[in-house]
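Reader: I should like to learn how the features of a structure of this kind are read. Might we begin with the surroundings of the ligand and then turn to the chain as a whole?

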Amino acid sequence: MVKMTGSQAIVKCLQEEGVKTIFGYPGGAVIDLFDALMDSDITNVLVRHEQGAVHAADSFSRVTGEVGVALLTSGPGATNGVTGIATAYCDSIPMVILTGQVPRSLIGNDAFQEVDIVGITRPCTKHNYLVSNKEDLVPVLREAFYIARTGRPGPVLVDLPKDLMAGQLTYPEQKPIRMQNYQPTYEPHIGQIAKACKQILKSRKPVLYVGGGVILSDAHKALEELAINLNIPVTMTLMGLGAFPGSHPLSMGMLGMHGSYTANMAVAQSDLLIAVGARFDDRVTGKLEEFACNAKIIHIDIDPTSISKNVKVDIPIVADCQYALTAINSWFSKEPGINIKEEAAQHEAWLETIREWSAKYPMTYKEEGELIKPQYVIEMLDKLTGGNAIITTEVGQNQMWTAQFFKFNKPRHFVTSGGLGTMGFGLPAAIGAQMAFPDRLVIDVAGDGSIQMNIQELATAKQYNCPVKIAILNNSYLGMVRQWQELFYDKRYASTVMEVTPDFVKLAEAYGAVGLRATKKSEVVPVIEKALASNNVVIMDFSIAREENVYPMVPAGKATTEMLLV
Amino acid sequence: MKHTLSVLLQNKPGVLSRVTGLFSGRGFNIESLCVAETLDPGISCLTLVTRGDNSIIEQITKQLHKLIDVIKVTDISEKEYVEREMVLIRIKAESQTRAEVLRVIDIFRGKVVDVSSRSYAVEVTGSASKIQALIDLLKPIGIKEIVRTGTIAMARASKNK
Ligand SMILES: Cc1ncc(C[n+]2csc(CCOP(=O)(O)OP(=O)(O)O)c2C)c(N)n1
Ligand SMILES: [Mg+2]
């Protein structure tokens with residue numbers, strides 16, 4: 001039994017959990033912990049705003065699959081992190097957020113920099129703790145990591161009173177965690193698997209509708225096997241992009257509000273919707289009564305609350321997506337009397353219809369001479385990076401164009417705030433991804449509005465030699481909101497015109513980064529090439545066609561077959 | 001439809017606010033809520049009465065179950081069960097009505113727990129509907145103050161045990 005300070009115990013526990021990089025910002029309540037970290041091999045990335053710390057740690061998790069860790073001080077440090085925590089919660093990202101708290105003797109006294117962060121974050125964490133005695137400190141941390149990464153993952157916050165971190169304790173031995181009240185279901189019910197498989201055999205127009213759960217459970221291989229063996233077309237949610245190769249002929253791209261014509265039509269006409277790790281979000285379903293209304297629905301999800309929440313499901317399967325898809329694949333390979341090739345051939349007519357839709361209504365845009373079309377920028381980014389970059393995005397039109405025109409072929413290469421739609425996510429997310437993979441190319445596709453929400457993180461990128469590339473699709477508008485105003489509010493552009501925007505080239509230079517600008521189409525490729533050749537942080541400022549819209553678009557509340565097209 | 005849920009929880013600070021926060025955040029309603037320790041001081045039992053169609057009750061049950069500190073959720077009203085609520089009522093009791101109040105309380109098997117020259121305080125236990133019937137009878141006489149505990153409930157033992 002080793003004696004040490006609470007802070008040293010926290011550091012040791014982080015090491016046992018395999019943590020090498022954390023993202024944090026200091027303050028009085030966590031000064032002991034930062035001090036202890038200095039003696040360890042854990043790197044703290046000193047961000048410039050706590051929201052950036054949480055987004056970066058969140059993204060670190062999205063690209064690696066490991067638990068991301070952020071460390072914030074009490075009071076304003078903790079509250080600055082809340083948007084980041086809610087962002088991770090909405091996208092089910094495994095994270096542990098450590099916050100400092102005033103000494104126990106002062107809790108409840110309105111002490112300096114005291115907030116009830118456990119109360120504040122209760123609805124936006126998977127679970128949270130205020131550690132109230134030293135015996136609990138290490139066990140709570142271990143439990144926090146366990147809860148964050150198991151079941152449906154999510155952020156877990158641990159609030160740490162300063163006196164506990166400064167005081168002495170005995171470090172407890174490691175033992176396997178068993179929680180009587182928390183036992184997520186991983187293995188699917190075998191009877192339900194058989195039912196699902198038989199339904200698949202009956203179907204002539206099946207569609208796989210897959211979400212972020214497939215990526216979180218590393219089920220992409222099993223998904224590919226199922227889709228390809230049985231010739232089932234696949235559509236992905238925003239969070240699911242990369243779960244199935246976007247360039248594969250079976251991929252129909254994204255569905256929903258800004259989804260492809262093909263994907264939305266296929267879902268509407270399908271006779272069997274196989275939902276995997278997706279949650280029937282309103283941006284996906286549009287008008288609920290008409291969503292997949294001709295289809296039987298199989299729904300695989302590890303979270304029972306997701307099943308039959310919005311849409312009544314015929315065959316629910318509560319399980320880890322990877323376990324369930326593997327079980328389905330093995331059912332098809334073992335069940336006697338099934339000829340997979342023949343079954344796959346049954347879907348040919350359906351795939352022919354789908355190919356016709358794609359040929360008639362492809363994802364497209366209108367070229368206009370030397371005007372820079374944002375879609376073109378995305379296509380060139382995809383082409384010039386060979387599709388190998390990790391792409392993060394901000395929120396708005398820039399995010400949707402990226403989702404539509406970049407072909408994501410691998411999981412964990414697209415990092416975006418889906419559920420919460422947090423502007424300001426992309427730059428810190430790019431830094432988090434670059435810290436995880438220093439040798440890979442990381443690009444933040446940004447809007448001129450969003451990038452200004454966490455622009456201060458340019459300094460972090462410079463300090464930690466993260467040569468991230470930022471592609472601003474600059475329309476001098478809060479473009480996505482402006483698009484709604486154009487279409488549904490009589491073009492009354494209330495508070496969406498950015499009359500003053502900084503000179504992003506000079507701004508980059510002020511931070512010691514490189515700034516490049518393109519104002520005509522012919523400059524796009526050279527600017528991207530120059531940026532990719534640089535080992536510095538680069539901002540590419542693309543002056544795009546200002547009033548370009550994102551199409552297709554399903555107006556909010558309409559059926560997904562009622563798309564506005566280019 | 002009215003449902004009575006029995007929820008076993010870790011007896012820790014903040015757990016009740018996780019439950020109530022879940023209801024307010026998701027727009028579910030709570031008609032009554034009652035919570036106290038079980039035989040195991042580490043676990044509390046919460047009885048909650050709510051309303052909703054089957055799909056809402058299913059969501060409520062699943063969402064409760066998803067809370068890490070929740071150990072078990074049972075929809076007691078799906079089975080045979082007994083429910084009780086206790087009420088304390090201070091009722092106007094002046095010379096003309098004193099006898100009548102006592103008669104009503106007696107019919108409801110209540111007890112007088114406090115007496116003054118102008119009022120009685122009475123204690124009555126029963127199902128929520130019995131309590132409501134009592135209140136309806138006493139109202140014309142003059143209820144000065146009323147405190148209800150909310151429903152607690154227990155499933156009946158199955159016959160063959
Ligand atoms: C923090 C935050 N505030 C407000 C919004 C609402 N919102 C969604 S998109 C958008 C416009 C984004 O503008 P910009 O970053 O320039 O991207 P564009 O749509 O022009 O590509 C706004 C204001 C949001 N998603 N997040
Ligand atoms: Mg913009």
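Author: We may begin with the secondary structure around the ligand, bearing in mind that this is a predicted model. In chain A, helix H18 (397-405) and helix H21 (479-488) each contribute at least two residues to the shell around ligand 1.

Reader: Which helix gives the most to the shell around ligand 1?

Author: That is H21(A), which supplies three residues. The shell comprises 17 residues, and the closest include Gln397(A), Gly421(A) and Ser450(A).

Reader: How do the residues of the shell divide into nonpolar, polar and charged?

Author: A shell is read by sorting its residues by chemical class. Here seven are nonpolar, nine are polar and one is charged.

Reader: Which atoms of Gln397(A), Asn398(A) and Ser450(A) lie close to the oxygen atoms of ligand 1?

Author: For polar contacts, one asks whether the backbone or the side chain provides the atom. Gln397(A) places a backbone N or O atom 2.8 Å from an oxygen atom of ligand 1. Asn398(A) instead offers a polar side-chain atom, at 3.0 Å from a ligand oxygen. In Ser450(A), a side-chain N or O atom is 2.6 Å from an oxygen atom of the ligand.

Reader: How much of the accessible area of ligand 1 does the protein cover?

Author: Coverage is read against the area of the ligand on its own. For ligand 1 that area is 580 Å², and the protein covers 76% of it.

Reader: Where is the place of Gln456(A), and which residues does Gln456(A) touch?

Author: A single residue is read first by its element, then by its partners. Gln456(A) sits in the loop that joins strand E17 (442-447) to helix H20 (458-463) in chain A. Its side chain forms a polar contact of 2.9 Å with the side chain of Asn454(A). Leaving aside residues up to four places away in sequence, Gln456(A) touches Arg48(A), His49(A) and Tyr511(A).

Reader: How many helices and strands has chain A, and why is the chain described as compact as a globular protein of its length?

Author: Chain A contains 23 helices and 20 strands. Its radius of gyration is 24 Å, close to the 24 Å given by the globule rule for 566 residues, so chain A is as compact as a globular protein of that length. Along the principal axes, its C-alpha trace spans about 70 × 60 × 40 Å.

Reader: What share of the residues of chain A count as buried, and what share of the contacts joins residues 24 or more positions apart?

Author: Of the 566 residues, 59% count as buried, that is, they have under 20% relative accessible area. Among contacts in chain A with a separation of 6 or more, 76% join residues 24 or more positions apart. The accessible surface of the chain is about 21800 Å², and carbon and sulfur atoms account for 52% of it.

How values were computed:
Residues are numbered from 1 along each chain as its sequence is written. Chains are lettered from A and ligands numbered from 1 in the order in which they are written. This is a predicted model: local features need pLDDT of at least 70, side-chain atom pairs count only at pLDDT 80 or more; totals for chains, interfaces and linings use all residues. Side-chain values use heavy atoms; hydrogens and water are left out. A residue is near a molecule or strand if one of its heavy atoms lies within 4 Å of it. A polar contact is a pair of N or O atoms within 3.5 Å; within protein, one must be able to donate a hydrogen and the other to accept it, and residues adjacent in sequence count only if both atoms are side-chain atoms. Accessible areas come from the Shrake-Rupley method with a 1.4 Å probe; for residues, only the protein chains shown count as cover. Helices (H or I, at least four residues) and strands (E, at least two) are DSSP runs, numbered from the N terminus. Ala, Val, Leu, Ile, Met, Phe, Trp, Tyr, Cys and Pro count as nonpolar, Asp, Glu, Lys and Arg as charged, and the others, Gly among them, as polar. The radius of gyration is taken over C-alpha atoms; the globule rule is 2.2 Å times the number of residues to the power 0.38. Buried means under 20% relative accessible area, exposed over 50%, partly exposed in between (1.4 Å probe, protein chains only). Contact means heavy atoms within 4.5 Å.
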